[in-house]
Amino acid sequence: MTRHSISPRKLLPLISFSVLLIATFALQERAMSYLGLNLLFNLTIPIALATIGQLLIIMVNDIDLSVGAFVSLVACVASTLLVQHPWLGWLALAGLVLAYAALGALIHRFELPAIVVTLGMSFIWGGLALVIMPAPGGTSPEWLRALMTVKPPLAPMAVVAALLIAAAAHLLIMRSGIGTVLRGLGGNSRSVARAGWRLSGLYALTYGLAGVFGVLAGLTLVGLYTSSGASVASSYTLLSIAGVILGGGEFIGGRVSPIGAVLGALTLSLAGSLLAFMHISPDWQIGAQGAVLILVLAARLLFTRREALI
């Protein structure tokens, strides 16, 4: 392998997405239209945002089991307080981001297991969501609904949004100076500390950024659904983890790929749509997503071993 060649392992997220997209187009030609693409990927926008939030946590060698409950809580706030009392709604959303940042600082200040703490927080977020909205309902703010139904001239909103999310996350995490430092937390936190950085502050920033993406996920979800419920995004926790791993991320070492994570989220969504076009029961959707993840991970392992022998 030459010095400047692209590793096949890094192309796996794009390859898996392309294979499923071609199969979907083969089964349903109308999916190739402007409207068809928008329907295919429209509901993937909040999942992609939640996946980037999860990626930030995994980037520092943690894992967040409260993403789904947090996004559901944000959706409940957006469909009630943000409509009835906008200033109070924005204040609540800002408070949730700050709570996420404080959670990251506490986890690493006292060396607590993130997987246990975030699991506990999922019950807190879920309880608050039930207090705000005991039964599904609410409505979307008009400006949010208008934003999510914009029709760009060249490509549907879903595609444009996916590209913007991938580009913004890539610039923030892979190209910016602070992104490099944050990735260093997962690679070698001691070296980051020796460079003069305050680790608890960096972990707080990482979790805070994850909270921002979680808030964006909740807002876009309400804009698409025009209503919400206390468990509207309950599946996002596992989907976000799978999206990060499917996109080339790893649980240790700060090795992540924002563009790959967005592709991973799109791929998981396509797996469900492909089953629908094949007239297979929706009950098999989770199994199909798991099968796609296993196949891609197996292929990644094979490519990794092959590259090690070269």
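This section describes the nonpolar core, one helix, two loop residues, the cavities and a pocket of a predicted model.

A good place to start is the interior. In soluble globular proteins, nonpolar side chains tend to be buried together. In this model, the largest nonpolar core holds 88 residues. Those with the most contacts inside that core are Phe-41, Val-71, Leu-93, Trp-125 and Val-262. For Leu-93, once neighbours within four places in sequence are set aside, the contacts are Val-74, Val-77, Leu-82, Val-215 and Leu-219.

Helix α4, which covers residues 67–79, invites a simple check of geometry. With 13 residues at 1.5 Å each, α4 should span 18 Å, and the C-alpha atoms at its ends are indeed 18 Å apart, so expectation and model agree. The helix is also mostly covered, as 13 of its 13 residues are buried.

Two residues stand out for their backbone angles. Asn-61 is not a glycine, yet its phi is positive, at about 70 degrees. This residue sits in the loop that links α3 (44–59) to α4. With a relative accessible area of 33%, Asn-61 is partly exposed, because that value lies between the 20% and 50% limits. Thr-226, again a residue other than glycine, has a positive phi near 65 degrees. Its place is the loop between α11 (199–225) and α12 (236–246). Thr-226 has a relative accessibility of 29% and therefore counts as partly exposed too.

Turning to enclosed space, the model has 2 cavities of 30 Å³ or more. The largest cavity contains about 50 Å³ of space. Its lining is made up of Ala-50, Gly-53, Gln-54, Asp-64, Val-67, Phe-70, Tyr-100, Ala-210 and Gly-214. Two or more of these residues come from each of α3, α4 and α11, and α3 gives the largest share, with 3 residues. Sorted by class, this lining has 5 nonpolar, 3 polar and 1 charged residues.

The second largest cavity holds about 30 Å³ of space. Around that space lie Leu-56, Met-59, Leu-172, Ile-173, Ile-178, Gly-179, Leu-182 and Leu-209. Here α3, α9 and α10 (177–194) each supply at least two lining residues, and the largest share, 3 residues, belongs to α10. The lining divides into 7 nonpolar residues, 1 polar residue and no charged residues.

Open space completes the picture. The second largest pocket encloses about 450 Å³. Of the 18 residues that line this pocket, Lys-10, Gly-247, Gly-248, Val-256 and Ser-257 are the closest to its centre. The elements that contribute two or more lining residues are α1 (8–27), α9 (157–175) and α13 (258–277). Among these elements, α1 provides the largest share, namely 5 residues. By class, the pocket lining consists of 8 nonpolar, 5 polar and 5 charged residues.

Key: Residues numbered from 1 in each chain as written. Predicted model: local features only at pLDDT ≥ 70, side-chain atom pairs only at ≥ 80, totals over all residues. Heavy atoms only, no water. 1 Å grid on protein atoms, 1.4 Å probe; cavity = no way out; pocket = protein on both sides within 12 Å on 5 of 7 lines; lining within 4 Å. Points joined across faces, edges and corners; volume = space filled by probe spheres on them. Helix = DSSP H or I, 4+ residues; strand = E, 2+ residues; numbered from the N terminus. Nonpolar A, V, L, I, M, F, W, Y, C, P; charged D, E, K, R; others polar. Core = buried A, V, L, I, M, F, W, Y, C linked by side-chain atoms within 4.5 Å. Buried < 20%, exposed > 50% of the residue type's maximum accessible area, 1.4 Å probe, protein only. Contact = heavy atoms within 4.5 Å. Expected span 1.5 Å × (residues − 1).
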